[in-house]
Amino acid sequence: MRWTRLWPVGIIALYLLSLSTANAQSGQEIGGVIQGKVFEPESERPVAAATVVIAGAGLSATSDASGVYRIEGIPPGQYRVIVVGYATLEPTTTSVEAGQIITLNLPVSDSAGAGEVIVVTGTRVAEKVLDAPVSVHALHDREIARIGGGSFLSAAAELPGVHFNSVGLLNPQVSARGFHEHTHTRMLWLIDGRLAQNVVGFPAANLLPTTSLDVKSVEVVVGPSSALYGPNAHTGVLNVRTKTPWDESGASLSVRGGTQSLLDGTARLAGTVRDRLGWKINAQYLRGNDFEPDRDHPAYRYGTSIAENDLIGDYRVRMAKGEGSLYYRLGDWSATASYGISHLEDFGVSSFARVGQEQTWQFGSVQLTHPHWYAQVSRISYEGKAFDFRRLAAIAEERVQNGEPITESDLAPIREDLTSTVPALEMLDSEVQYRNEVGGVKAISGVQVRRHDGGDNPFQFDPKNGELEPRTELGGYLQLDYQPWPDHIRLVGAARIDNHSDYSTQISPKVAAVYSPTPAHKLRVGYSRAFKSPTLGQNYLFALDTLIGNRYGWSIRDGDGNILFDIPPLRPEEVHSVELGYKGKVSNAVFLDVLFYNSWYEDFISPLSQVADPMNGTFAYDSDGMLLNGDDPALAGRLSTYVNFGRATVGGTDIGVNIYPTDYITVSTAVSWISMADFSRGDLGVDLHLNVPELKLMGSVMVQDLGIDNYFVRMSGRYRSAYEFESGYWSSEQFYDDGKLPGRFVADLAVGYRLPGYGLTMQGYVLNIFDNSELDVLGAAVAKRFTYVQVSYRYRGL
């Protein structure tokens, strides 16, 4: 073993040692107890399986069949007691003293309003959306089930400020604050607070090992978040939170089928033993036919006369995943170990073409939690293979011109020859966090270490040092939360320092001030700085001898060797942002969330772009002054790479309104507007597109239990304006007369009915009711009308 690889462990050990003294005194205190009953006041019916959380203490319990809960080991202090997914109807703030037993009964309504939803991703502590000092949105499992889509991630399309694209049946893209690309690496993806991205920065998305039955909520922080989460939380954070066996025990099964030959089966089993040991198992298998691209659209002919549809026999997709977790509780401590694997065969999009691909992801993690401590170590492994339709189309065109056939049997071996294999790439992610309250100041501090190992990837190479060694990121953060005027003024500040093997130290501050004239109204102002680090691929790509990363810089010269311009080595892309927001209950029936923001970006990292082409009289030289591929006249001087360029100012507004006119009807609307106020190209003269629509409108109406119990009907619609898009080959300017993807409106319908006493739920969905044929994004297939039915069974109590 190489001792140099152990230094991250040493840093974490030192961090633990430095904080052990601070925790010694609190560790010896006798905790208090909060117990009581969760119930619906009108019917006095107990609420079973409700998760009761002590906000700020990291403790929770699940109510039993009689609605009774008990939480022990609570450190002395003042806390708010929260019931996840429900609105509490009476004040739930209480003070706990050492050894004290407090009885707190919790009357709740069946569903929480938008401001009452509990989130943890915004500040790393449990709090209501209304109270969060950042722009954060959440969708809980019941909401996700009533929205529908190819996967549970499709529900993110209805969140203010979130940009969602459906690239295929199983290929969602989620981003925020503009500058979307098909790599979409500017938003950090997490699962239960742990990293859910591979070495090259691609999010796991549908390849997360969890299933829809195990999802507790999807939380999205919109806006720069590097102060707490580090590199690549550039425009936000998406965190998928899953259920523990104490959140929900029992057996759950779900089967759905519909158009696109969809057949999808999902299962979840979870149980507990004496409230100390817990376990859960998740599994899913799905098959179907992906949406097909428009054969008449020139973008999907790749400069040939042949449509992509004619290059492959069918668009069948398949996904299989499984996951197992073990839980153990001992006093205030809780330990979890989990392992999951996901395999997907589908169709995606790269910067240069659509691709047929197979991916296998493996996830392993161990974590330890305590009211004051959190520690975890995770391993993410990714491997796959893919072929691109652009190269296949060029070969097929040549065969046609030579009078050769292009039947499926002719093309199958050619696809196999074009298929590139990526061996296992590994990411190790570790974190230790300590939180406490001293003198009224709530503090959270932590250390994170990430290790990127490109393995034996034939498409990555270090031109100066040969074999690519693993790269390491080390970050430390501190957040302070203080209320100088309790219940009226809250100040939150955070800062993080990150060091990376390949670039200079980055400092990411964040501050926010919240003013509450009343508990139901929150005004806030904030500033944050975030950065996106170059990925391994952007630094060390090596493919086809001319597609090369930019770790060391390049010089572009003319045919006589005169320097035309230099391309410096890649450096982190950064953003500074100022936000002004309001969240409030305008009345008991209306919740309003308004955000204004202005962001300043610089040093954008471009898509892979051709920067030197001998046909145009330009030649690439490396940082040692050597002509690239100088010994090969056919390739000499030709280069496509990544560059930093330009500065831009972007402003926008996100508005969300939730209306509850009766207990049976919910109306939700959202408006998002974004605009690039100015852009400076920089020395390289590279153009920049916002790559998202300036205007998005969303709305939905849901009726449930009106006249008849146990049913719901939900109608929703989404509109986006026309917009320019450019990501490598995919240029709207090239494929549309006005240079823009046309505007698009999509309407969806969902209905459901639960059979009381049987644990059965039946649901039906019609997505894109009017069969709108415009693209979500250039490079995707059109998500046409999609209809399916779903039957679910749930048995509580293992």
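This tour moves through a few places in the structure, saying at each stop what to select and what is found there.

The model is predicted, so that local features need pLDDT of at least 70, side-chain atom pairs count only at pLDDT 80 or more, and totals for chains, interfaces and linings use all residues. Residues are numbered from 1 along each chain as its sequence is written, and side-chain values use heavy atoms, with hydrogens and water left out.

**An open sheet**

Begin by selecting strands E4, E3, E6 and E8, which form an open sheet in that order with antiparallel pairing; strands (E, at least two residues) are DSSP runs, numbered from the N terminus, and two of them pair if DSSP finds at least two bridges between them. Strand E4 (59-62) and strand E8 (93-96) stand at the edges and have a single partner strand each, so one side of each is left without a neighbour in the sheet. On average, neighbouring strands of this sheet are turned by 30° against each other, direction ignored, with axes taken as lines fitted to C-alpha atoms and angles running from 0 to 180 degrees between N-to-C directions. Now narrow the selection to strand E6 (residues 77-83) and E8, which pair in the antiparallel sense over four bridges, and pick out Arg80, whose bridge partner in E8 is Thr93.

**A hairpin**

Next, select strand E35 (residues 554-557) and strand E36 (residues 563-567), which run antiparallel and are joined by four bridges. Arg557 stands opposite Ile563 in E36, and among the five residues between the two strands of this hairpin, Gly561 takes a positive phi near 90°.

**Gln479**

Move on to strand E29 (residues 471-485), where Gln479 lies. Gln479 counts as buried because its relative accessibility is 5%; buried means under 20% relative accessible area, exposed over 50%, and partly exposed in between (1.4 Å probe, protein chains only). Show the side chain of Gln479 together with Thr123, since that side chain reaches the backbone oxygen of Thr123 at 3.1 Å.

**Leu253 and Leu706**

Now select Leu253, which has its place in strand E20 (residues 250-258) and counts as partly exposed because its relative accessibility is 45%.

For the last stop, go to the loop between strand E44 (695-704) and strand E45 (711-720), where Leu706 lies; at 43% relative accessibility, Leu706 counts as partly exposed. If Ile54 is added to the selection, the C-alpha to C-alpha distance between Leu706 and Ile54 is 34 Å, while 652 residues separate them in sequence.

Technical notes
Polar contact = N/O pair within 3.5 Å; in protein donor to acceptor, adjacent residues only side chain to side chain.
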